[in-house]
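Me: I am new to this structure and would like to know what the labels attached to it rest on. Please take me through them one at a time.

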Amino acid sequence: MSVNVTGPSIYFTIPILGGIPITQTTLSSLLVTVILCCGFVWIGKGLKKRPDGKQVLVEKGIMMLYNMTEESMGKHNAPQWFPFICTMFLSSILGSLIGMTGFLRSSTADVSTTLTWAIMVSVLIWYHNIKNNGFIGWLKGFAEPVAVMTPMNIVSEIAQPVSMAFRHFGNVAGGGVITSILYTALAGLSAGILNLIASSGIAVGIALIVAAAIFGGLYFKKKKVIQLILALLCGALGLLGLLQALGILSGVPILQIGIPAVLSLYFDLFSGFVQALVFSLLSMVYISSALPAPAEESE
(Lines give C-alpha, C1' and ligand atoms only; values in the text may rest on other atoms or scores of the structure.)
Protein backbone atom coordinates (compact mmCIF):
# COMPACT_ATOMS: atom_id res chain seq x y z
CA MET A 1 0.00 0.00 0.00
CA SER A 2 1.27 3.46 -0.87
CA VAL A 3 -0.25 6.76 0.23
CA ASN A 4 -0.01 10.14 -1.41
CA VAL A 5 1.40 12.27 1.41
CA THR A 6 -0.39 15.36 0.06
CA GLY A 7 -3.78 13.75 0.67
CA PRO A 8 -6.34 11.91 -1.47
CA SER A 9 -6.55 12.87 -5.13
CA ILE A 10 -9.75 14.46 -6.45
CA TYR A 11 -11.22 12.55 -9.38
CA PHE A 12 -13.92 15.06 -10.28
CA THR A 13 -16.25 17.60 -8.68
CA ILE A 14 -20.05 17.49 -8.72
CA PRO A 15 -21.17 21.03 -9.61
CA ILE A 16 -23.81 21.44 -6.88
CA LEU A 17 -23.79 23.13 -3.46
CA GLY A 18 -20.62 24.97 -4.35
CA GLY A 19 -18.95 21.84 -5.68
CA ILE A 20 -18.75 18.37 -4.08
CA PRO A 21 -15.32 16.78 -4.68
CA ILE A 22 -15.23 13.05 -5.34
CA THR A 23 -11.90 11.89 -3.96
CA GLN A 24 -10.04 8.59 -3.66
CA THR A 25 -11.45 8.27 -0.15
CA THR A 26 -15.00 8.75 -1.44
CA LEU A 27 -14.55 5.97 -3.98
CA SER A 28 -12.91 3.63 -1.46
CA SER A 29 -15.64 4.25 1.13
CA LEU A 30 -18.33 3.61 -1.47
CA LEU A 31 -16.68 0.36 -2.55
CA VAL A 32 -16.35 -0.75 1.08
CA THR A 33 -20.08 -0.12 1.57
CA VAL A 34 -20.98 -2.02 -1.61
CA ILE A 35 -18.70 -4.96 -0.71
CA LEU A 36 -20.15 -5.21 2.81
CA CYS A 37 -23.74 -5.04 1.55
CA CYS A 38 -23.12 -7.67 -1.15
CA GLY A 39 -21.24 -9.83 1.35
CA PHE A 40 -24.07 -9.68 3.89
CA VAL A 41 -26.61 -10.62 1.19
CA TRP A 42 -24.43 -13.52 0.01
CA ILE A 43 -23.85 -14.77 3.55
CA GLY A 44 -27.56 -14.52 4.39
CA LYS A 45 -28.62 -16.78 1.55
CA GLY A 46 -29.27 -20.45 2.21
CA LEU A 47 -28.87 -20.40 5.99
CA LYS A 48 -29.34 -23.80 7.64
CA LYS A 49 -30.23 -24.98 11.12
CA ARG A 50 -27.15 -27.19 10.96
CA PRO A 51 -24.49 -24.82 9.68
CA ASP A 52 -21.71 -25.95 7.40
CA GLY A 53 -19.03 -24.38 5.25
CA LYS A 54 -19.14 -20.58 5.14
CA GLN A 55 -21.99 -20.43 7.67
CA VAL A 56 -19.82 -22.03 10.36
CA LEU A 57 -17.03 -19.49 9.84
CA VAL A 58 -19.44 -16.55 9.71
CA GLU A 59 -21.29 -17.62 12.87
CA LYS A 60 -17.99 -18.14 14.66
CA GLY A 61 -16.82 -14.64 13.72
CA ILE A 62 -20.16 -13.07 14.67
CA MET A 63 -20.15 -14.80 18.05
CA MET A 64 -16.63 -13.53 18.75
CA LEU A 65 -17.69 -9.96 17.95
CA TYR A 66 -20.92 -10.33 19.91
CA ASN A 67 -19.11 -11.68 22.97
CA MET A 68 -16.69 -8.75 22.76
CA THR A 69 -19.62 -6.33 22.62
CA GLU A 70 -21.34 -8.07 25.51
CA GLU A 71 -18.22 -7.98 27.69
CA SER A 72 -17.62 -4.29 26.97
CA MET A 73 -21.19 -2.95 27.06
CA GLY A 74 -23.04 -5.50 29.19
CA LYS A 75 -25.69 -8.05 28.30
CA HIS A 76 -28.46 -5.46 28.44
CA ASN A 77 -26.79 -3.27 25.77
CA ALA A 78 -25.22 -5.86 23.46
CA PRO A 79 -28.32 -6.78 21.39
CA GLN A 80 -29.06 -3.14 20.61
CA TRP A 81 -25.52 -1.97 19.87
CA PHE A 82 -23.96 -5.02 18.25
CA PRO A 83 -25.07 -4.18 14.66
CA PHE A 84 -23.58 -0.68 14.95
CA ILE A 85 -20.27 -1.89 16.45
CA CYS A 86 -20.00 -4.79 13.99
CA THR A 87 -20.59 -2.52 10.98
CA MET A 88 -18.03 0.01 12.18
CA PHE A 89 -15.48 -2.73 12.94
CA LEU A 90 -15.85 -4.39 9.52
CA SER A 91 -15.86 -1.03 7.72
CA SER A 92 -12.62 -0.11 9.45
CA ILE A 93 -10.88 -3.39 8.59
CA LEU A 94 -12.04 -3.43 4.97
CA GLY A 95 -11.31 0.28 4.66
CA SER A 96 -7.69 -0.40 5.63
CA LEU A 97 -7.33 -3.57 3.54
CA ILE A 98 -8.65 -1.95 0.36
CA GLY A 99 -5.37 -0.04 0.13
CA MET A 100 -3.62 -3.35 -0.63
CA THR A 101 -5.12 -3.29 -4.13
CA GLY A 102 -2.39 -0.85 -5.12
CA PHE A 103 -4.71 1.50 -7.01
CA LEU A 104 -7.21 2.35 -4.27
CA ARG A 105 -6.51 4.44 -1.19
CA SER A 106 -7.36 3.11 2.27
CA SER A 107 -10.40 5.03 3.43
CA THR A 108 -9.03 4.98 7.00
CA ALA A 109 -5.87 6.75 5.74
CA ASP A 110 -8.01 9.90 5.46
CA VAL A 111 -8.71 11.71 8.74
CA SER A 112 -12.12 12.78 7.42
CA THR A 113 -13.26 9.14 7.63
CA THR A 114 -12.06 8.37 11.15
CA LEU A 115 -13.09 11.81 12.43
CA THR A 116 -16.61 11.29 11.08
CA TRP A 117 -16.85 7.98 12.94
CA ALA A 118 -15.47 9.53 16.14
CA ILE A 119 -17.87 12.49 15.99
CA MET A 120 -20.74 10.09 15.37
CA VAL A 121 -19.79 8.16 18.52
CA SER A 122 -19.56 11.40 20.52
CA VAL A 123 -23.00 12.51 19.29
CA LEU A 124 -24.45 9.19 20.43
CA ILE A 125 -22.84 9.65 23.85
CA TRP A 126 -24.21 13.20 24.18
CA TYR A 127 -27.65 12.08 23.03
CA HIS A 128 -27.91 9.35 25.66
CA ASN A 129 -26.50 11.60 28.38
CA ILE A 130 -29.16 14.22 27.58
CA LYS A 131 -31.85 11.55 27.31
CA ASN A 132 -31.01 10.08 30.73
CA ASN A 133 -30.07 13.24 32.63
CA GLY A 134 -31.87 15.99 30.79
CA PHE A 135 -30.19 18.88 29.01
CA ILE A 136 -29.58 20.83 32.23
CA GLY A 137 -28.24 17.72 33.96
CA TRP A 138 -25.90 17.11 31.03
CA LEU A 139 -24.58 20.67 31.26
CA LYS A 140 -24.10 20.29 35.02
CA GLY A 141 -21.83 17.34 34.32
CA PHE A 142 -19.23 19.73 32.91
CA ALA A 143 -19.02 21.45 36.30
CA GLU A 144 -18.14 18.28 38.23
CA PRO A 145 -16.38 17.74 40.56
CA VAL A 146 -15.95 21.50 41.07
CA ALA A 147 -16.79 24.50 38.96
CA VAL A 148 -13.16 25.28 38.18
CA MET A 149 -12.92 21.97 36.36
CA THR A 150 -15.46 23.06 33.71
CA PRO A 151 -12.82 24.09 31.10
CA MET A 152 -10.99 20.77 31.51
CA ASN A 153 -14.23 18.81 31.14
CA ILE A 154 -15.09 20.69 27.97
CA VAL A 155 -11.58 20.11 26.57
CA SER A 156 -11.96 16.41 27.45
CA GLU A 157 -15.19 16.17 25.47
CA ILE A 158 -13.47 17.68 22.44
CA ALA A 159 -10.25 15.71 22.85
CA GLN A 160 -12.05 12.36 23.02
CA PRO A 161 -13.22 12.17 19.37
CA VAL A 162 -10.05 13.91 18.14
CA SER A 163 -7.77 11.39 19.84
CA MET A 164 -9.83 8.44 18.58
CA ALA A 165 -9.80 9.76 15.02
CA PHE A 166 -6.10 10.67 14.85
CA ARG A 167 -4.97 7.42 16.51
CA HIS A 168 -6.67 5.34 13.84
CA PHE A 169 -5.81 7.66 10.95
CA GLY A 170 -2.21 8.17 12.07
CA ASN A 171 -1.36 4.48 12.22
CA VAL A 172 -2.87 3.64 8.83
CA ALA A 173 -1.62 6.75 7.01
CA GLY A 174 1.80 6.50 8.67
CA GLY A 175 2.17 2.92 7.48
CA GLY A 176 1.31 4.00 3.96
CA VAL A 177 3.86 6.82 4.02
CA ILE A 178 6.58 4.46 5.29
CA THR A 179 5.74 1.97 2.54
CA SER A 180 5.90 4.73 -0.10
CA ILE A 181 9.31 5.86 1.17
CA LEU A 182 10.51 2.24 1.14
CA TYR A 183 9.41 1.83 -2.49
CA THR A 184 11.42 4.90 -3.47
CA ALA A 185 14.47 3.77 -1.48
CA LEU A 186 14.37 0.25 -2.96
CA ALA A 187 14.15 1.67 -6.47
CA GLY A 188 17.32 3.71 -5.90
CA LEU A 189 19.10 0.82 -4.15
CA SER A 190 18.14 -1.57 -6.92
CA ALA A 191 19.47 0.73 -9.62
CA GLY A 192 22.67 1.43 -7.66
CA ILE A 193 23.60 -2.19 -6.89
CA LEU A 194 22.68 -3.68 -10.24
CA ASN A 195 24.33 -0.85 -12.20
CA LEU A 196 27.49 -1.32 -10.13
CA ILE A 197 27.58 -5.03 -10.96
CA ALA A 198 26.68 -4.47 -14.61
CA SER A 199 29.30 -1.74 -15.03
CA SER A 200 32.04 -4.35 -14.67
CA GLY A 201 30.57 -6.40 -17.49
CA ILE A 202 29.40 -9.99 -17.20
CA ALA A 203 32.47 -11.11 -15.25
CA VAL A 204 31.19 -9.97 -11.84
CA GLY A 205 27.79 -11.52 -12.48
CA ILE A 206 29.35 -14.85 -13.40
CA ALA A 207 31.66 -14.69 -10.36
CA LEU A 208 28.68 -14.15 -8.06
CA ILE A 209 26.84 -17.08 -9.61
CA VAL A 210 29.90 -19.29 -9.08
CA ALA A 211 30.10 -18.09 -5.46
CA ALA A 212 26.42 -18.97 -5.05
CA ALA A 213 27.11 -22.48 -6.30
CA ILE A 214 30.01 -22.86 -3.83
CA PHE A 215 27.93 -21.65 -0.86
CA GLY A 216 25.10 -23.91 -1.99
CA GLY A 217 27.40 -26.91 -1.99
CA LEU A 218 28.69 -26.03 1.47
CA TYR A 219 25.10 -25.72 2.72
CA PHE A 220 24.20 -29.21 1.55
CA LYS A 221 27.25 -30.55 3.39
CA LYS A 222 27.13 -28.61 6.67
CA LYS A 223 23.46 -27.42 6.71
CA LYS A 224 24.27 -23.96 8.05
CA VAL A 225 21.64 -21.30 7.46
CA ILE A 226 24.23 -18.55 6.83
CA GLN A 227 25.57 -20.53 3.88
CA LEU A 228 22.09 -20.85 2.40
CA ILE A 229 21.50 -17.10 2.81
CA LEU A 230 24.82 -16.28 1.12
CA ALA A 231 24.05 -18.72 -1.69
CA LEU A 232 20.66 -17.15 -2.37
CA LEU A 233 22.00 -13.60 -2.08
CA CYS A 234 24.98 -14.17 -4.38
CA GLY A 235 22.87 -16.11 -6.85
CA ALA A 236 20.18 -13.42 -7.00
CA LEU A 237 22.67 -10.55 -7.32
CA GLY A 238 24.76 -12.42 -9.89
CA LEU A 239 21.78 -13.39 -12.06
CA LEU A 240 20.13 -9.97 -11.87
CA GLY A 241 23.47 -8.19 -12.47
CA LEU A 242 24.11 -10.41 -15.47
CA LEU A 243 20.68 -9.66 -16.90
CA GLN A 244 21.28 -5.96 -16.25
CA ALA A 245 24.61 -6.09 -18.10
CA LEU A 246 22.92 -7.77 -21.05
CA GLY A 247 20.25 -5.03 -21.08
CA ILE A 248 17.36 -7.39 -20.27
CA LEU A 249 16.48 -5.85 -16.89
CA SER A 250 17.64 -2.32 -17.63
CA GLY A 251 15.68 0.15 -15.50
CA VAL A 252 13.61 -2.51 -13.70
CA PRO A 253 13.53 -1.86 -9.88
CA ILE A 254 13.84 -5.53 -9.10
CA LEU A 255 14.28 -5.02 -5.32
CA GLN A 256 10.75 -3.61 -5.11
CA ILE A 257 9.41 -7.10 -5.74
CA GLY A 258 8.47 -8.99 -2.59
CA ILE A 259 10.19 -6.88 0.09
CA PRO A 260 7.37 -4.30 0.55
CA ALA A 261 4.88 -7.16 0.82
CA VAL A 262 6.38 -8.09 4.19
CA LEU A 263 5.70 -4.59 5.55
CA SER A 264 2.24 -4.69 4.01
CA LEU A 265 1.41 -7.72 6.15
CA TYR A 266 2.02 -5.55 9.21
CA PHE A 267 0.71 -2.15 8.16
CA ASP A 268 -2.33 -3.38 6.22
CA LEU A 269 -3.29 -6.63 7.95
CA PHE A 270 -2.05 -6.58 11.53
CA SER A 271 -2.07 -2.83 12.20
CA GLY A 272 -5.38 -2.35 10.37
CA PHE A 273 -7.02 -5.08 12.43
CA VAL A 274 -5.58 -3.75 15.70
CA GLN A 275 -6.71 -0.18 15.00
CA ALA A 276 -10.21 -1.37 14.08
CA LEU A 277 -10.35 -3.36 17.31
CA VAL A 278 -9.08 -0.45 19.43
CA PHE A 279 -11.48 2.03 17.83
CA SER A 280 -14.43 -0.33 18.36
CA LEU A 281 -13.47 -1.07 21.97
CA LEU A 282 -13.10 2.61 22.81
CA SER A 283 -16.45 3.33 21.17
CA MET A 284 -18.13 0.61 23.23
CA VAL A 285 -16.58 1.83 26.47
CA TYR A 286 -17.50 5.47 25.86
CA ILE A 287 -21.06 4.70 24.73
CA SER A 288 -21.74 2.27 27.56
CA SER A 289 -20.64 4.94 30.07
CA ALA A 290 -23.62 7.02 28.93
CA LEU A 291 -26.10 4.16 29.21
CA PRO A 292 -27.74 3.39 32.58
CA ALA A 293 -27.51 -0.08 34.07
CA PRO A 294 -30.74 -2.11 34.33
CA ALA A 295 -31.00 -1.36 38.08
CA GLU A 296 -30.89 2.39 37.41
CA GLU A 297 -33.52 2.10 34.67
CA SER A 298 -36.00 0.44 37.04
CA GLU A 299 -35.76 3.16 39.72
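**Helix pairs, cysteines and two residues**

Reply: One place to begin is a helix contact: V32, I35, L36 and F40 in α1 meet L90, S91, L94 and G95 in α3. The model is a predicted one.

Me: What makes the residues of the contact of α1 with α3 count as nonpolar, polar or charged?

Reply: They divide into 6 nonpolar, 2 polar and no charged. Gly is counted among the polar residues in this scheme.

Me: Why is α1 called oblique to α3?

Reply: The axes of α1 (residues 24-44) and α3 (residues 78-97) cross at roughly 120° and come within 10 Å. Roughly perpendicular covers 65 to 115 degrees, and roughly antiparallel needs over 145. An angle of roughly 120° fits neither range, so α1 is oblique to α3. The crossing of these two helices is right-handed.

Me: What makes α6 and α7 roughly antiparallel to each other?

Reply: Helix α6 covers residues 202-222 and helix α7 residues 225-245, and their axes cross at roughly 160°. The cut-off for roughly antiparallel is over 145 degrees. The crossing angle passes that cut-off, and therefore α6 and α7 are roughly antiparallel. Their axes come within 7 Å, and the crossing is left-handed.

Me: Which residues make the contact of α6 with α7?

Reply: On α6 they include I202, I206, F215 and Y219, and on α7 they include L228, C234, L237 and L242. By class, the residues of this contact come to 17 nonpolar, 5 polar and 1 charged.

Me: How do you know how many disulfides there are?

Reply: A search of the whole structure finds 0. C38 serves as an example: the nearest cysteine sulfur belongs to C37 and is 6.9 Å away. A disulfide needs two cysteine sulfur atoms within 2.5 Å. The distance for C38 does not meet that limit, and C38 is in no disulfide.

Me: Why is C38 called partly exposed, and why is C86 called buried?

Reply: Buried means under 20% relative accessible area, and exposed means over 50%. C38 has 47%, which lies between the two cut-offs, so C38 is partly exposed. C86 has 12%, which is under 20%, so C86 is buried.

Me: Is Q160 buried or exposed, and what makes it so?

Reply: Q160 has 16% relative accessibility, and because this is under 20%, Q160 counts as buried. Q160 lies in helix α5 (residues 150-198). Leaving aside neighbours within four places in sequence, Q160 is in contact with S122, I125 and Y286.

Me: Where is N129, and what is N129 in contact with?

Reply: N129 is found in helix α4, which spans residues 111-140. With neighbours within four places in sequence set aside, N129 is in contact with G134, W138 and A290. N129 and S289 are 160 residues apart in sequence, yet their C-alpha atoms are 9.0 Å apart in space.

Me: What is the secondary structure of the chain as a whole?

Reply: The chain comes to 9 helices and 2 strands. Along the sequence, the pattern reads β-β-α-α-α-α-α-α-α-α-α. Of the 299 residues in the chain, 32% are buried. Among contacts between residues at least 6 apart in sequence, 68% join residues at least 24 apart.

Conventions
Residues numbered from 1 in each chain as written. Predicted model: local features only at pLDDT ≥ 70, side-chain atom pairs only at ≥ 80, totals over all residues. Heavy atoms only, no water. Axes fitted to C-alpha atoms, helices over the stretch in contact; angles between N-to-C directions. Helix = DSSP H or I, 4+ residues; strand = E, 2+ residues; numbered from the N terminus. Parallel < 35°, antiparallel > 145°, perpendicular 65-115°, else oblique. Left-handed = near helix turned anticlockwise from the far one by under 90°. Contact = heavy atoms within 4.5 Å. Buried < 20%, exposed > 50% of the residue type's maximum accessible area, 1.4 Å probe, protein only.
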